[in-house]
Amino acid sequence: MSDGIMKRMGLIFRSKANKALDRAEDPRETLDYSYQKQLELLQKVRRGVADVATSRKRLELQLTQLQQQSAKYEDQGRKALSLGREDLAREALTRKANMQSQITDLEVQYQQLQAEEEKLTLASQRLQAKVDAFRTKKETIKATYTAAQAQTRIAESFSGISEEMGDVGLAIQRAEDKTAQMQARAGAIDELLASGALDDASGLGRKDDIEAELERVAGGSDVELELARMKAELTGGSPASGPQAIEPGKAQPQDAQPDNPRINYNK
């Protein structure tokens, strides 16, 4: 396998891994981890300051003891001279001189530790200020990220609702169109059945020619009766020449003949 293919495969793998890490990474967790590391560093600096301060304090105690011992030798030398013992006074002053050399060395170390302590204390204060500022910024970024995440979820939810409502709207439109189509088809079929253009295969509601003729005659009689009644109301008399109404329950006289000849089906 050539080097070009290997490099390309490595680039693809790194890009895929980087993308996966981006999806898995939570900025809030990263900020909390960084803040924790800064706190650990600040704690180490504080322990360093405490250690230097402890060493300085120890030297201070040693200096105090050496100074007290030096003062004691000086008192002994003065007392020996007062007693006429110059040799003892010389020995006391010799010891004091040696003691003073140790005091000088300790004073140099003490000043160095004191300077180191001041430097570490200043560094600790500056680091503390940086940590506090980082903590404030961290909480601000976390709050902003959380709010943005919530807004994104709400927007995605509204987007999903909009898509679903769009689908529902299309379904409602299709249902309304289909209902209107079915209503129009039913109305057309009713009209065709009523006009006789379309035969009713079930046989229900079908009229033969006799029933149709009877309905036409009855309809004409009703019109003539209504016309005669209106004429009588206008003239103030009873209709004499018009057809007589057949009261319910009374049979028509046999000599009364309808306008149309009776059809005899017994032939």
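## Overall fold

Lys-138 has its place in helix H3, and it serves here as a point of entry into a model that is predicted. The secondary structure of the protein comes to four helices and zero strands, so that, read along the sequence, the pattern is α-α-α-α.

Of the 267 residues of the protein, 12% count as buried. The protein exposes about 21,800 Å², and carbon and sulfur atoms supply 55% of that area. Among the contacts between residues at least 6 apart in sequence, 72% join residues at least 24 apart.

## Helix H2 and its end

Helix H2 covers residues 27-82, while helix H3 covers residues 86-195. With 56 residues at 1.5 Å a residue, H2 should span 82 Å, and because its end C-alpha atoms are 82 Å apart, the expected and the actual span agree. Just after H2, Gly-84 takes a positive phi of about 80°.

## The aromatic pair and Lys-138

One aromatic pair is present in the structure. The pair consists of Tyr-35 and Phe-134, whose ring centres are 6.4 Å apart and whose planes stand at 15°, and it therefore counts as stacked, since planes under 30 degrees apart fall into that class. Tyr-35 belongs to helix H2 and Phe-134 to helix H3, so that the pair links distant parts of the chain, 99 residues apart.

Tyr-35 is buried, with a relative accessible area of 17%, because the term applies to residues under 20%. Over the face of Tyr-35 lies Lys-138, at 5.0 Å from the ring centre. Lys-138 is also buried, with a relative accessible area of 4%. When residues up to four places away in sequence are not counted, Lys-138 touches Leu-31, Asp-32 and Tyr-35.

## The nonpolar cores

The largest nonpolar core has eight residues in all, namely Leu-59, Leu-63, Leu-66, Tyr-73, Met-99, Ile-103, Leu-106 and Tyr-110. Helices H2 and H3 each supply at least two residues of this core. One of its members, Leu-63, touches Ile-103, Leu-106, Glu-107 and Tyr-110, again not counting residues up to four places away in sequence.

Apart from the largest core lies another core, of six residues, which includes Tyr-35, Leu-42, Val-45 and Val-49. Tyr-35 thus has a part both in this second core and in the stacked pair with Phe-134.

## Ser-55 in helix H2

Ser-55 is likewise found in helix H2. In contrast to the buried Tyr-35, Ser-55 is partly exposed, with a relative accessible area of 25%, a value that lies between the 20% limit for buried residues and the 50% limit for exposed ones. The C-alpha atoms of Ser-55 and Tyr-110 are separated by 8.6 Å, although the two residues are 55 residues apart along the chain. Tyr-110, for its part, is one of the residues of the largest nonpolar core, and it is also among the residues that Leu-63 touches.

Notes: Residues numbered from 1 in each chain as written. Predicted model: local features only at pLDDT ≥ 70, side-chain atom pairs only at ≥ 80, totals over all residues. Heavy atoms only, no water. Phe/Tyr/Trp six-rings, centres within 6.5 Å; stacked < 30°, edge-to-face > 60°. Buried < 20%, exposed > 50% of the residue type's maximum accessible area, 1.4 Å probe, protein only. Lys NZ or Arg CZ within 6 Å of the ring centre and 35° of its normal. Contact = heavy atoms within 4.5 Å. Core = buried A, V, L, I, M, F, W, Y, C linked by side-chain atoms within 4.5 Å. Areas by Shrake-Rupley, 256 points an atom, 1.4 Å probe, with all protein chains shown as cover. Expected span 1.5 Å × (residues − 1).
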